[in-house]
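The following exercises are meant to be worked through with the structure in view. Try each task before reading the solution below it.

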Amino acid sequence: CTAYSLSCGGPVVMPELDAFVISPICPHFLGARPMLIPTDGVVEIAFASDFTVASISADGQEECEVRLNDKIVISKSPYKAQLLTLKEQNFFNLVREKLTID
C-alpha cells in the first residue's frame, strides 16, 4: 500500500493502520491533497455544478463515466484479502532501506 501511495504523492502507511488512503492523481486543483480516512465511516464524493462529465477508475478497474448529480460512495468491504508475508521485518527499517539513495 505504501509504495502505491508514495507513487501518487501520498503518505507512508503502516500496514497495521486500518484506513483509506485517498490520493488524487494529476489533480487540476492545487488544493487536492492526499487524505487518510478511518475505514469505519463512508466517504461520499459529489461533483461541482460546473462540471459536465468525467471518468473514474479505481485500482486498475475499467473506467466508469460520472455525470453531474452522480455520487461516488466508498466504504469498507466485508471481505478481507489474505496477504503473504515472507519474513518478519520491521516496517520502518524496510521503508528506510527502500527510500535511501546510495
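**Exercise 1: a charged pair**

In this predicted model, aspartate 18 and lysine 76 are joined through their side chains by a salt bridge, with an N to O distance of 3.1 Å. Determine where in the chain the two partners of this pair lie.

*Solution.* Begin with aspartate 18, which is placed in the loop between helix H1 (2-7) and strand E1 (19-22), and then turn to lysine 76, which is placed in the loop between strand E6 (71-74) and helix H2 (91-99). The two residues are 58 residues apart, and the pair therefore links distant parts of the chain. Next, consider accessibility: aspartate 18 counts as partly exposed because its relative accessibility is 45%, and lysine 76 is also partly exposed, with a relative accessible area of 39%.

**Exercise 2: a threonine beside the pair**

Decide whether threonine 39 counts as buried or exposed, and find which residues it is in contact with, leaving aside its neighbours within four places in sequence.

*Solution.* First locate threonine 39, which is found in the loop between strand E2 (35-38) and strand E3 (43-46). Its relative accessibility is 11%, and because buried means under 20%, threonine 39 counts as buried. Beyond the neighbours within four places in sequence, threonine 39 is in contact with Asp18, Ala19, Phe20 and Lys76. One of these contacts can be described further, since the side chains of threonine 39 and aspartate 18 are joined by a polar contact of 2.9 Å.

**Exercise 3: the other salt bridges**

The model has 3 salt bridges in total; describe the one formed by glutamate 44 and the one formed by glutamate 65.

*Solution.* Glutamate 44 forms a salt bridge with lysine 71, and their closest N and O atoms are 3.5 Å apart. This pair links distant parts of the chain, with glutamate 44 in strand E3 and lysine 71 in strand E6, 27 residues apart. Both glutamate 44 and lysine 71 are exposed. Glutamate 65, in turn, forms a salt bridge with arginine 67, where the closest N and O atoms are 2.7 Å apart. Glutamate 65 counts as partly exposed at 47% relative accessibility, and arginine 67 is partly exposed at 46%.

**Exercise 4: a nonpolar patch**

Identify which residues form a nonpolar patch on the surface.

*Solution.* The patch is formed by Met14, Leu17, Leu36 and Phe92, which together have about 370 Å² of accessible area. Taking one member as an example, leucine 36 lies in strand E2 and counts as partly exposed, with a relative accessibility of 45%.

Terms used:
Residues are numbered from 1 along each chain as its sequence is written. This is a predicted model: local features need pLDDT of at least 70, side-chain atom pairs count only at pLDDT 80 or more; totals for chains, interfaces and linings use all residues. Side-chain values use heavy atoms; hydrogens and water are left out. Helices (H or I, at least four residues) and strands (E, at least two) are DSSP runs, numbered from the N terminus. Buried means under 20% relative accessible area, exposed over 50%, partly exposed in between (1.4 Å probe, protein chains only). A polar contact is a pair of N or O atoms within 3.5 Å; within protein, one must be able to donate a hydrogen and the other to accept it, and residues adjacent in sequence count only if both atoms are side-chain atoms. Contact means heavy atoms within 4.5 Å. Patches are made of residues with over 30% relative accessible area and no salt bridge: like charges are joined within 9 Å, nonpolar side chains (Val, Leu, Ile, Met, Phe, Trp, Tyr) within 5 Å. Accessible areas come from the Shrake-Rupley method with a 1.4 Å probe; for residues, only the protein chains shown count as cover. A salt bridge is a side-chain nitrogen of Lys or Arg within 4 Å of a carboxyl oxygen of Asp or Glu.
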